[in-house]
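Please follow the strand pairings through the structure shown below, and then turn to the contacts made by individual side chains.

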Amino acid sequence: KDFQDVVTILKDFQDIRVEAKIENKGSQAFSLSIVVKEKATQEVMRDLRVTLIRGDLELESYLSGTGRVTFEHVLIGKYTVEISNLENKVAAILLEIKV
């Protein structure tokens with residue numbers, strides 16, 4: 001089927017829920033927004049590092065002060081999104097964006 005304008009993916013881990021929202025920006029470019037919440041309370045978690053990786057190359061990494069990180073101009077392909085706190089990695093999501 002055709003790619004919708006916005007696709008939202010929810011993934012639960014041990015103590016957290018990750019919401020990945022992929023928005024079609026045309027010309028095979030997308031934006032990817034990541035929100036991490038505590039699974040029990042649904043409170044947005046702040047001060048997490050969210051990293052976008054393609055293959056072995058780290059493309060972008062942001063510290064989430066507001067609880068939401070957005071990557072702009074993401075092209076079609078396979079990506080890993082890693083979420084870390086100060087001590088260690090708390091989650092990783094594999095995404096394949098295609099039309």
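In this predicted model, Lys21 lies opposite Ser33 of β3. The two strands concerned are β2, residues 16–24, and β3, residues 29–38, which pair in the antiparallel sense over 9 bridges. Another pair in this register is Asn24, which faces Phe30 in β3. Between β2 and β3 the chain forms a hairpin with 4 residues between the strands, and Gly26 adopts a positive phi near 85° there.

On its other side, β2 is joined to β1 by 7 bridges, again in antiparallel fashion. Within this pairing, Lys11 has Val18 of β2 as its bridge partner. The connection between β1 and β2 is a hairpin of 3 residues.

These pairings belong to an open sheet of 4 strands, ordered β1-β2-β3-β6 and paired antiparallel. The edges are occupied by β1 (6–12) and β6 (68–75); each has a single partner strand, so one side of each is left without a neighbour in the sheet. From one strand to the next, the twist averages 20°.

A further set of pairings centres on β7. What encloses this strand? Of the 8 residues of β7 (residues 77–84), 6 are buried, so the strand is largely enclosed by the rest of the structure. Strand β4 (residues 48–54) runs antiparallel to β7 and is joined to it by 5 bridges; here Val50 stands opposite Ile83 of β7. Strand β8 (residues 89–97) is also antiparallel to β7, with 8 bridges between the two, and Val81 stands opposite Ile93 of β8. A hairpin with 4 residues between the strands is formed by β7 and β8.

Thr80 gives a local view of this arrangement, as a residue of strand β7. Is Thr80 buried or exposed? Its relative accessible area is 19%, and because buried means under 20%, Thr80 counts as buried. Leaving aside residues up to four places away in sequence, Thr80 touches Thr51, Leu52, Ile53, Ile93 and Leu94.

The charged side chains complete the picture. Side chains of opposite charge can pair when their charged atoms come close. How many salt bridges does a search of the whole structure find? The search finds 3.

One of them links the side chains of Asp12 and Arg17, with an N to O distance of 2.6 Å. Asp12 is partly exposed at 35% relative accessibility, and Arg17 is likewise partly exposed, with a relative accessible area of 26%.

A second salt bridge is formed by Glu23 and Lys25, whose closest N and O atoms are 3.6 Å apart. Glu23 is partly exposed at 31% relative accessibility, and Lys25 falls in the partly exposed class at 48%.

In the remaining salt bridge, the side chains of Lys89 and Glu82 meet at 3.7 Å, N to O. Glu82 has a relative accessible area of 23% and is therefore partly exposed. The residue ranges place Glu82 within β7 and Lys89 within β8, the two strands that form the hairpin described above.

Note on methods
Residues numbered from 1 in each chain as written. Predicted model: local features only at pLDDT ≥ 70, side-chain atom pairs only at ≥ 80, totals over all residues. Heavy atoms only, no water. Pairing = 2+ DSSP bridges. Axes fitted to C-alpha atoms, helices over the stretch in contact; angles between N-to-C directions. Salt bridge = Lys/Arg side-chain N within 4 Å of Asp/Glu carboxyl O. Buried < 20%, exposed > 50% of the residue type's maximum accessible area, 1.4 Å probe, protein only. Contact = heavy atoms within 4.5 Å.
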